[in-house]
Amino acid sequence: MQNAEIAAALDEIADLLEFQGANAFRVRAYRNAGRTIHDLTEPLERIAADSDRKLTDFSGIGADLAEKITTLIHTGKLEMLEELRAQVPESVLALMRIPGLGPKKAAALFKQLGIKTLDELRAACEQHQVRELKGFGEKTEAAILAGMSFAASPEVQRIYWADADVIVQALVEQLRSGGGVRQIEPAGSYRRGRETVGDLDFVVEAGDGAAVMNRLAEYPETSAVIGRGDTKMSVRLKTGLQVDLRIVPHKSFGAALVYFTGSKQHNIVLRGLAKQRGLRINEYGVFRVPPGSKKAGADKEKDSDDAAGEAAKEAAQLEYIAGRTEKDVYDTLDLPVFPPEMREARSEFDWAAAGPLPKLVELSDMVGDLHLHTTATDGKASLEEMIAAAHERGLKYIAITDHSKRVSMANGMDGDRLRAQWREIDAINRRSRGIQVLKGVEVDILERGGLDLPDDVLAEADWVVASVHYGQNQPSEQITRRIIEAIENPNVSAIAHPTGRIIGRRKPYEVDLDAVFAAARRCGKLMELNANPARLDLDDLHCAAAKRHGIPIVISTDAHSTAGLEVMRYGILQARRAGLTKADVANTRPWATLKGLIGRKG
DNA sequence: GCCGTTTTCGGCCCGACTGTTTTCAGTCG
């Protein structure tokens, strides 16, 4: 069983347990383990088979989970999961996708009204049965009906970072308009540079918070205000995207930014570290907890009067020690200001403990682009136009990598056409214009295996990227085998978009990336990170896997137009999220050096 | 269910907001 499937099984257990009202920390343990496994860059199967290693070495996996995971690896099944599934109909979990319906309310609907599907829930609301339940009311019923369409869409809507960026810039302008905003920063997964963004968060310091909230309410793209208090406001845009706004005082801005940038896991670690030092971190700042003060309301017991009273008393005793800037906050824990892209509680705390953080690769480090198309195949700009645009961006070299003939719908090229294009490139290079143009090709890895162009043609190229376009429905092992075979071909320089994930268009195919990277390592080949935000083929995790195997990544735009060159910055974000430095990225080096990496002759 | 330089039990991050309640539970981030 593959890591992704094991992680999914643990997540499902967490969902089902949560629905059943299990201990929240137990639920969290399953979620944490699922996340840990999801983030692994190495197959669990391999780790489990290695007698020198133990699953319990991973933080968050204890004896019990190690045993369950081992069972999953070997049998693909788990009795506990089967039992849970038998107890809770799968469709019931869909109820929890309605905003405002959590496990408790969903369980109440299921147990008391026997509601198992969204359709049944709609009917019950329309017949006003739901408002009769304890803890429900008229407004809840209306909110459920309003949220119905939201839950009916199978996937939670996430948008590309690049699209979020456009909205963020417009919103910042809107919120600033009219003045009074002293500081404003987008936070959340947008600030962390995740390849997709589920909602937008803004942290604002302003003289008049209500005025800023009004501007958000009046924003033409705002369709509904979900909630609004003195310091916090949530709206939904016409596109369905949720926007959260927090108004914070000057002395809390840094703390709020840390808090709302997340990730949640990163924050949990921060709070744990703070606690060890007798500190407490929240969105208002870092506070010193007076010695001897008891943790109030630790367990949800009935003596809530006392707990609430003590909590209030204790809050009054807390001494503010930091919060104005992110640096102030991290300083109290003797931690560096982590670049937001790193804040995923993966490795950043280990790195910080070991010394200075790695200096992450930056857009300005990039000197070459090794995956470009022209009008010769499916590009929108001519060879000359692409070269000029790349030159304008300050690139020192580019590789023209049009499609090979198998990609017929893109007018892919055979050997003759390619050689003609290469002669043209030779001529251009002779007229030297401060940018070196490499003779390249994106050669197709055929369904039956093998490459789409003969070796004698490929041998004449400076740079060959191989990629899968056809036969994507094949089993993972078969696609993996095709890719490894391509890696072993001495004419191939790199593998482009090895998993070909295209959001929303088709099911991604799965390859054994670990085996692919191992082959690349063995053969001295490079792996591409395709920076096109619509093709999330080699995201931060895959970068991390490459790093673990010691394989330099090539960040390429796969540009089909001059504007396509712009996407390089999205690829940089993903590389940064994986902790890649300039040295980890091959096309930060001059071509003369890079050429040596792939053993290309003169 | 995990975890430990507060260690094998008793914690587990923390607060805002809403709708339902007469003091709080549930949800969310």
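Begin by selecting strand β8 (residues 279-282) together with strand β9 (residues 285-288), which in this predicted model pair in the antiparallel sense over 4 bridges. Between β8 and β9 you will find a hairpin that joins them through 2 residues, and if you pick out Ile-281 and look across to β9, its bridge partner there is Val-286.

Keep β9 in view and add strand β10 (residues 319-322), since β9 and β10 also pair in the antiparallel sense, here over 3 bridges. Select Arg-288 next, and you will see that this residue stands opposite Glu-319 in β10. As you look along these strands, keep in mind that side chains in a regular strand alternate between the two faces of the sheet.

Now turn to the helices by selecting helix α1 (residues 3-19) and helix α5 (residues 79-87), which pack at an angle of about 40° with their axes 10 Å apart; α1 and α5 are therefore oblique to each other, and α1 passes α5 in a left-handed crossing. To see the contact itself, show Ala-9, Glu-12, Ile-13 and Leu-16 of α1 along with Met-80, Leu-81 and Leu-84 of α5. Sorted by class, this contact of α1 with α5 has 6 nonpolar, no polar and 1 charged residues.

Finally, select DNA strand B, which is surrounded by 51 residues, the closest being Gly-62, Gly-102, Gly-137, Gly-227 and Gly-229. Colouring the residues of the surface near DNA strand B by class divides them into 13 nonpolar, 18 polar and 20 charged. End the tour on helix α13 (residues 264-276), which with 7 residues gives the most to that surface near DNA strand B.

Key: Residues are numbered from 1 along each chain as its sequence is written. Chains are lettered from A and ligands numbered from 1 in the order in which they are written. This is a predicted model: local features need pLDDT of at least 70, side-chain atom pairs count only at pLDDT 80 or more; totals for chains, interfaces and linings use all residues. A residue is near a molecule or strand if its C-beta atom, placed from the backbone, lies within 6 Å of it. Ala, Val, Leu, Ile, Met, Phe, Trp, Tyr, Cys and Pro count as nonpolar, Asp, Glu, Lys and Arg as charged, and the others, Gly among them, as polar. Axes are lines fitted to C-alpha atoms, for helices over the stretch in contact, and angles run from 0 to 180 degrees between N-to-C directions. Angles under 35 degrees count as roughly parallel, over 145 as roughly antiparallel, 65 to 115 as roughly perpendicular and the rest as oblique. A crossing is left-handed if the near helix is turned anticlockwise from the far one by less than a right angle, and right-handed if clockwise. Two residues are in contact if their C-beta atoms, placed from the backbone, lie within 7 Å. Two strands pair if DSSP finds at least two bridges between them.
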